[in-house]
Amino acid sequence: SVGLALERLYAGRLEEQCEKLSYHYANSTNTEKALLYLKMAGTKAARVHSLSEARRYFEKALSMLDATQLDNDHQQTYIDLSLKWSEISQFVPSNKIRTALIRSLDYAKKFDKRNRIAEVSYWVARFDYMQGDFLEAIPQVEQCIKWAKELNDRELLAISYTLFGRICLYTGEFAMGVNYLNEGLQLIKPFEKWDDVVYSTAILGLLQGLTGNYKASMKAIAKAIRIARKYEIPTFEAMAFGYLGSIHYWYGNWHATINNCRECFRISKKLDNSLPIIWATFFKGAARFSSGNREDGLTVMGQAIEMMKKMDSVLALRFFYSLFAENLALSGNFNRAESTNEKAMRLAQSGQKWGEISSYRTMGIMSAAARHPDWHQVATHMKKSIEISTRVGAMTELLQCLWLFADLMQKKGDIDSAMSYYSQGRDLAIHISCHLR
């Protein structure tokens with residue numbers, strides 16, 4: 001056969017021809033060699049960051065296994081392949097991959113090896129996180145932390161802590177997220193899990209920015225980018241640039257937001273990684289809106305949301321909906337703002353709380369815009385946004401709440417309250433090094 005001839009011709013350097021070998025054996029009856037070369041080709045493609053190609057190889061290998069009755073060895077192979085497929089697909093999460101992981105978890109439980117069960121459970125949790133289902137992810141991570149402590153598996157403990165810290169961004173528990181990430185990043189140092197280090201350090205920077213520690217956030221993001229470049233991890237380098245753009249957005253440097261989002265987009269486009277592209281698109285639109293190009297900004301933010309709706313993921317979608325709704329309300333598009341904000345509120349069912357503050361600000365804006373405003377209701381919404389911001393330590397969000405409340409009180413004609421809220425906002429802006437408006 002052609003496959004056998006290639007093996008003889010390239011004996012000792014089969015990886016050079018693994019793509020051709022995988023093709024020939026995948027179209028033969030020799031399933032074992034097809035799996036061997038599909039895995040080899042997928043690993044090779046992933047190593048040079050041809051992620052779309054790598055995904056196709058692993059998916060093909062798993063589809064071949066799906067079509068057969070699996071013995072114990074093939075079940076182990078299935079687990080290995082599903083984990084590799086998951087690892088290179090974090091930013092293009094799909095229901096197919098999660099289904100493969102659940103099947104792998106069933107196989108792992110059959111072998112009754114807790115370290116193997118914990119390994120697969122971690123990736124199930126990680127995919128639940130990437131798909132935005134935090135109610136599913138959190139119990140899985142908590143179980144992984146428990147197993148890691150019982151097994152004295154410090155690597156599993158480290159990556160479980162960092163995963164929990166990343167989840168805290170979306171559940172709106174920012175200070176808790178900082179603590180988990182700091183602890184996980186300390187534990188992970190000996191294991192050279194550079195992709196996790198870059199991703200978690202970048203998220204740490206994002207959370208530090210949200211909680212008002214601008215200098216620490218800039219330092220963390222710069223570190224994440226530096227490590228990503230040193231170890232050639234473009235997937236997470238791109239995401240770090242996306243988070244850097246977000247921090248600049250919250251601190252009022254919209255030109256820097258747009259530039260960093262462009263860099264995130266440029267890198268991610270080459271890798272065919274959808275979630276960073278969507279993130280960069282959304283914040284580019286938000287920055288355009290805030291810098292005065294409102295119509296164009298809303299268009300771009302809406303495009304990002306439409307892209308997100310095509311994914312098997314709702315990660316960050318509550319925040320996207322809520323900030324989009326707020327900007328729609330600020331533009332006077334109240335009907336669309338209200339329907340968009342309702343979509344944001346419904347996503348609380350997946351455990352997402354990030355965006356809750358913007359939703360209350362949106363309701364405050366709309367209440368104040370009524371023909372006969374109910375100023376008590378306006379105050380209720382705005383005070384709720386301030387209360388949540390203070391409780392979770394979201395200083396950049398608190399700043400927006402104070403300034404917006406000042407504007408609404410000025411509209412009401414309550415100049416004393418307006419000046420009070422504006423002064424609080426000014427003092428906070430100075431304290432957290434935010435651009436004064």
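**Local features of the predicted model**

Leu14 is partly exposed, with a relative accessible area of 25%. In this predicted model, Leu14 is located in the loop that joins helix 1 and helix 2. Leaving aside residues up to four places away in sequence, Leu14 is in contact with Leu6, Glu7, Leu21, Tyr37 and Met40. One of these partners, Tyr37, is 23 residues from Leu14 along the chain, and the two C-alpha atoms are separated by 8.9 Å.

The two helices that flank this loop were examined as a pair. Two packed helices are described by the angle between their axes and the distance between the axes. For helix 1 (residues 2-9) and helix 2 (residues 18-26), the axes come within 9 Å and cross at roughly 150°. Because angles over 145 degrees count as roughly antiparallel, helix 1 and helix 2 are assigned to that class. The crossing of helix 1 with helix 2 is left-handed. On the side of helix 1, the contact is formed by Val2, Gly3, Leu4, Leu6 and Glu7, and on the side of helix 2 by Lys20, Leu21, His24 and Tyr25. By class, this contact comprises five nonpolar, two polar and two charged residues. Leu6 and Glu7 of helix 1 and Leu21 of helix 2 take part in this contact and are also touched by Leu14 of the intervening loop.

Helix 10 was considered next. This helix covers residues 174-188, and its 15 residues should span 21 Å at 1.5 Å a residue; the end C-alpha atoms are 21 Å apart, which agrees with the expected value. The buried residues of helix 10 include Phe174, Gly177, Val178, Leu181, Gly184, Leu185, Leu187 and Ile188. An α-helix has 3.6 residues a turn, so residues three or four places apart point the same way. The elements that cover the buried residues of helix 10 include helix 9 (154-170), helix 11 (194-210) and helix 20 (375-392).

Positive phi values were noted at two non-glycine positions, Glu232 and Ser433. For Glu232, phi is near 55°. This residue is placed in the loop between helix 12 (214-230) and helix 13 (234-250). Glu232 has a relative accessible area of 59% and is therefore exposed, the cut-off for this class being over 50%. For Ser433, phi is near 65°. Ser433 belongs to the segment after helix 22 (415-431). With a relative accessible area of 41%, Ser433 is partly exposed.

Methods: Residues are numbered from 1 along each chain as its sequence is written. This is a predicted model: local features need pLDDT of at least 70, side-chain atom pairs count only at pLDDT 80 or more; totals for chains, interfaces and linings use all residues. Side-chain values use heavy atoms; hydrogens and water are left out. Helices (H or I, at least four residues) and strands (E, at least two) are DSSP runs, numbered from the N terminus. Buried means under 20% relative accessible area, exposed over 50%, partly exposed in between (1.4 Å probe, protein chains only). Axes are lines fitted to C-alpha atoms, for helices over the stretch in contact, and angles run from 0 to 180 degrees between N-to-C directions. Angles under 35 degrees count as roughly parallel, over 145 as roughly antiparallel, 65 to 115 as roughly perpendicular and the rest as oblique. A crossing is left-handed if the near helix is turned anticlockwise from the far one by less than a right angle, and right-handed if clockwise. Contact means heavy atoms within 4.5 Å. Ala, Val, Leu, Ile, Met, Phe, Trp, Tyr, Cys and Pro count as nonpolar, Asp, Glu, Lys and Arg as charged, and the others, Gly among them, as polar. The expected span of a helix is 1.5 Å times one less than its number of residues.
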